[in-house]
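This report describes one protein chain for a reader who is new to structures. Please look at the sequence and the model together before reading on.

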Amino acid sequence: MLNVSNIHKRFGNNEVLKGVDLHVEKGDVIAILGPSGSGKTTFLRCLNFLERADEGEITLGDITTKCTKASKKDIINIRKRTGFVFQNYNLIITKTAIQNVMEPLLVVQKKSKEEAKRIAMEALDKVGLSNRYDFYPSQLSGGQQQRVGIARAIAVNPDVILLDEPTSSLDPELVGEVLSVIKKIAKEGTTIVIVTHEIAFAKEVANRVVFMEGGKVVEENNSSEFFSNPQNKRTIEFLNRFL
Ligand code: ADP
């Protein structure tokens, strides 16, 4: 469904991604793990052109494009088919929960207001927030704001949801509610690529794990093999810090 090959990205002289590949099948839940600074977030952002890679190719469904050559239309089409969940929620503070979820439905998908409202309400219901649909972000906890962020991503019914460290801005007591929403949508068959530091969560929910370091994938395996029998020295060191 999503195939990404040979992604390179530089910021000035700093080569942050040095040829990263990723293959995602429908229904996959892929956790991207690795130490801070290894390029995980940048890689995820390259997938839907929040950053433009300097080299590499992306195929999503019937769209195939070289990253450097992607047209505006390709980028819009890729964004239409991907939901992105940000570390810091990225909600519009002047809009209510439901208005935030409706935004991409109206702006990107050009749905009517009535339809957008109906779909947004369903999405808020999925994340357990239908009773707070008219709350502003400032009236919601961090966990609730992130659940609105997830509702906004799933509402457009994307081929794949990309989550960038969705719990790393949260107070520890709020992490669980967000992880259980992600677990729920994963169980429903949503295709997910998640950058996370929640190792136990990755172990439980992901079917595949990609381990990055220094802008490269150094190990990739199905989840049970990855955790029970890691091969790479760096992976073993990384996991030993958590186990
Ligand atoms: P990770 O998600 O694994 O922590 P990142 O992708 O956030 O890694 O960052 C990888 C490297 O890229 C870091 O050295 C970071 O400073 C650098 N970097 C990320 N975004 C930018 C940017 N917009 N401009 C310059 N450097 C950046």
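## Gly 143 and its surroundings

In this predicted model, Gly 143 counts as partly exposed because 18 other C-beta atoms lie within 10 Å, whereas a buried residue would need 20 or more. Gly 143 belongs to helix 5, which covers residues 142-155.

Which residues does Gly 143 touch, once its neighbours within four places in sequence are left aside? The contacts of Gly 143 are Leu 170, Leu 174, Glu 177 and Val 178. A related distance can be given for Thr 167, which is 24 residues away from Gly 143 in sequence, while the two C-alpha atoms are 8.1 Å apart in space.

## The chain as a whole

The protein chain contains 9 helices and 10 strands, and its C-alpha atoms fill a box of roughly 50 × 40 × 30 Å along the principal axes. A compact globule of 243 residues would have a radius of gyration near 18 Å, and the protein chain has 18 Å, so the value agrees with that expectation. Of the 243 residues, 42% are buried. If one takes the contacts between residues at least 6 apart in sequence, 64% of them join residues that are at least 24 apart.

The UniProt record, an unreviewed entry, lists residues 2-239 as "domain: ABC transporter". Over residues 2-239 the chain is 39% helix and 26% strand, and the C-alpha atoms at the two ends are 27 Å apart.

## An open antiparallel sheet

In what order do the 4 strands of the open sheet follow one another? The order is 2-1-4-5, and the pairing is antiparallel. Strand 2 (14-24) and strand 5 (63-66) are the edge strands, since each of them pairs on one side only. On average, and with direction ignored, neighbouring strands of this sheet are turned by 15 degrees against each other. Helix 1, made of residues 40-47, packs on the sheet and touches strand 1, strand 2 and strand 4, and its direction makes about 120 degrees with that of strand 1.

Strands of a sheet pair through backbone hydrogen bonds, and the pairing may be either parallel or antiparallel. Strand 1 (residues 2-11) and strand 4 (residues 55-60) run antiparallel and are joined by 5 bridges, with His 8 having Glu 55 in strand 4 as its bridge partner. On to the next pair, strand 4 and strand 5 also run antiparallel, with 4 bridges between them, and here Leu 60 stands opposite Ile 63 of strand 5.

## Strand 4 and its two faces

In a regular strand the side chains alternate between the two faces of the sheet. Strand 4 shows such an alternation, for Gly 56, Ile 58 and Leu 60 point to one face and are buried, while Glu 55, Glu 57 and Thr 59 point to the other face and are not buried.

Glu 55 of strand 4 can be followed further: it counts as partly exposed because it has 16 C-beta neighbours inside 10 Å. Apart from its neighbours within four places in sequence, Glu 55 is in contact with Asn 6, His 8, Cys 67 and Thr 68. By contrast, Ile 92 is 37 residues from Glu 55 along the chain, and 32 Å separate the C-alpha atoms of these two residues.

## Two hairpins

The hairpin of strand 4 and strand 5 has 2 residues between the strands, and within this hairpin Gly 61 takes a positive phi near 55 degrees. Another hairpin, formed by strand 9 and strand 10, likewise has 2 residues between the strands, and there Gly 214 takes a positive phi near 55 degrees.

Strand 9 (residues 208-213) and strand 10 (residues 216-222) run antiparallel and are joined by 6 bridges. Within this pair, Val 209 has Asn 221 in strand 10 as its bridge partner.

## The nonpolar core

Which residues have the most contacts inside the largest nonpolar core? They are Val 101, Ala 120 and Ala 151, and the core has 70 residues. For Val 101, leaving aside its neighbours within four places in sequence, the contacts are Ala 120, Ala 123, Leu 124, Val 148, Ala 151, Arg 152 and Ala 155.

How values were computed. Residues numbered from 1 in each chain as written. Predicted model: local features only at pLDDT ≥ 70, side-chain atom pairs only at ≥ 80, totals over all residues. UniProt positions renumbered as here; feature names shortened; annotations may be inferred. Pairing = 2+ DSSP bridges. Axes fitted to C-alpha atoms, helices over the stretch in contact; angles between N-to-C directions. Contact = placed C-beta atoms within 7 Å. Core = buried A, V, L, I, M, F, W, Y, C linked by C-beta atoms within 7 Å. Buried ≥ 20, exposed ≤ 12 C-beta atoms within 10 Å, placed from the backbone. Rg over C-alpha atoms; globule rule 2.2 N^0.38 Å.
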